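Biologist: I have a model open and want to go through it with you. Can we start with the term I keep tripping over, salt bridge?

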Amino acid sequence: MSSPGSGMFSGFTKLCKGLAVILIGGHVVVQLLPTSVTYLALIPARTIPFGWNLITAGYIEQSVHGVVVSTLGLLFMGKLLEPIWGSKEFLKFIFIVNFLTSVCVFITAIALYYLTMQEKYLYMPLSGFHGLLAGFLVGIKQIVPDQELYLLKIKVKWLPSLLLLLSIAISFFTPESATYLPSLIFGTYIGWIYLRYLQRKPESKLRGDPSEDFAFSTFFPEFLRPIIDPIASIFHRMLCGKSEASSNPQGYTLGGAPLLGSDPIEASRRRERGARALEERLAAEKLAAGRDSEEPHIDGNDRV
């Protein structure tokens, strides 16, 4: 007989289960063979000969709590994102965000070394899936921004911002912040860049999400947006080649041709599909829980 909460722990996709096995397997390897951290984690001083660690580091969790949080985060967030994006796009997002986050962390570590001349930034083993978890939160912000968390009464669109704010606050009290904070920051930002400008839609030939609800300034409180928007527009020009996005249905344009953008109407439809998919999943889980709770009662009547 199924437990009442079994619906919550079902429906995980095969891809997410496979990636979860990789995360758990990577943790087991570094526990059984501690020297493997040298080859699998991102150690900036050794990245030049061991360049593959820019890819492998994101899948290596060195602590038990890290592998537990990363595995659960992957399974539950992947259960929402993969059906909407598709398995191919979901895997592409993971690969690109993981790789570019590692590259940015590597550059940051080298820069910190030259600024401080402390060798710990060169030889500190950096690894973990938390950068991708931050990127997943950005994806959920895009799909169901106005969905509220049941207990906290906080809208989903604020989760990436709250994660970074909390992580930065904790970093002032923990010397280990250098091992996770850069990954969280770059995972969030690169995840947003990919979804905002690069993600290709299977139902169209256009890319990205130009909607105002997904602008960079939406990560900040309302009163800061007049300050953030002019700064963000500089990076927008770098990515799109034009200071202003066209308001026509073709999305961003460059010389009259569509470029790195998508239909704002399509972005709205995608959010509606995300909200509908979430509602259907929650309804299915509630139905499964209801059936499970009825089973003992039915069994008792049969015995009588």
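Modeller: A salt bridge is a side-chain nitrogen of Lys or Arg within 4 Å of a carboxyl oxygen of Asp or Glu.

Biologist: How many salt bridges does the structure hold?

Modeller: There are two. D146 pairs with K155, and their closest N and O atoms are 3.9 Å apart. R225 pairs with E222, with 3.0 Å from N to O. One caution: this is a predicted model, so local features need pLDDT of at least 70 and side-chain atom pairs need 80 or more, while totals for chains, interfaces and linings use all residues. Residues are numbered from 1 along each chain as its sequence is written, and side-chain values use heavy atoms, leaving out hydrogens and water.

Biologist: Is R225 buried or exposed?

Modeller: R225 counts as buried because its relative accessible area is 17%, and buried means under 20% (exposed is over 50%, partly exposed is in between, with a 1.4 Å probe and protein chains only). Its partner E222 is exposed, at 57%.

Biologist: And what about K155 in the other salt bridge?

Modeller: K155 is partly exposed, with 33% relative accessibility.

Biologist: Let's zoom out. How many helices and strands does the protein have?

Modeller: The protein has 11 helices and two strands. These are DSSP runs numbered from the N terminus: H or I of at least four residues for helices, E of at least two for strands. Along the sequence, the pattern reads α-α-α-α-α-α-α-α-α-α-β-β-α. So the two strands sit between the tenth helix and the last one.

Biologist: How much of the protein is buried?

Modeller: Buried residues are 42% of the 304 residues.

Biologist: And which share of the contacts joins residues at least 24 apart in sequence?

Modeller: Among contacts between residues at least 6 apart, the share is 67%. Contact means heavy atoms within 4.5 Å.

Biologist: Pick one helix for me to look at.

Modeller: Try helix 5, which covers residues 87-116. It has 30 residues, and at 1.5 Å a residue it should span 44 Å. The expected span is 1.5 Å times one less than the number of residues. The end C-alpha atoms are 43 Å apart, which agrees.

Biologist: What comes after helix 5?

Modeller: M117 follows helix 5, and its phi is positive, near 60 degrees.

Biologist: Which residues of helix 5 are buried?

Modeller: Among them are E89, F90, F93, I94, V97, N98, T101 and S102. Further along, V105, F106, A109 and Y113 are buried too.

Biologist: What covers the buried residues of helix 5?

Modeller: The cover includes helix 1 (14-32), helix 3 (53-56) and helix 4 (64-85). It also includes helix 6 (120-123), helix 7 (130-143) and helix 9 (181-198).

Biologist: Show me one buried residue up close.

Modeller: Take T101, in helix 5. Its relative accessible area is 6%, so it is buried. T101 touches S183, F186, G187 and I190, leaving aside residues up to four places away in sequence.

Biologist: And F99 in helix 5? How accessible is F99?

Modeller: F99 is partly exposed, at 30%. With residues up to four places away left out, F99 touches L54 and I55. F99 and N53 lie 46 residues apart in sequence, yet their C-alpha atoms are 9.4 Å apart.

Biologist: New topic. How many cavities of 30 Å³ or more does the structure hold?

Modeller: Two. A cavity is a set of points on a 1 Å grid over the protein atoms alone where a 1.4 Å probe fits but cannot get out; lining residues have an atom within 4 Å of a point.

Biologist: What is the volume of the largest cavity?

Modeller: About 130 Å³. A volume is the space filled by probe spheres set on the points, and grid points are joined across faces, edges and corners.

Biologist: Which residues are closest to the centre of the largest cavity?

Modeller: Of the 15 lining residues, the closest to the centre are G58, T101, S102, G128 and S183. Helix 5 gives the most to this lining, with five residues. Helix 5 and helix 7 each supply at least two.

Biologist: What lines the second largest cavity?

Modeller: V105, T108, A109, L112, K120, Y121, M124, L126, A178 and P182 line it. Its volume is about 80 Å³. Helix 5 again provides the largest share, with four residues. Helix 5 and helix 6 each supply at least two residues of this lining.

Terms used: 1 Å grid on protein atoms, 1.4 Å probe; cavity = no way out; pocket = protein on both sides within 12 Å on 5 of 7 lines; lining within 4 Å.
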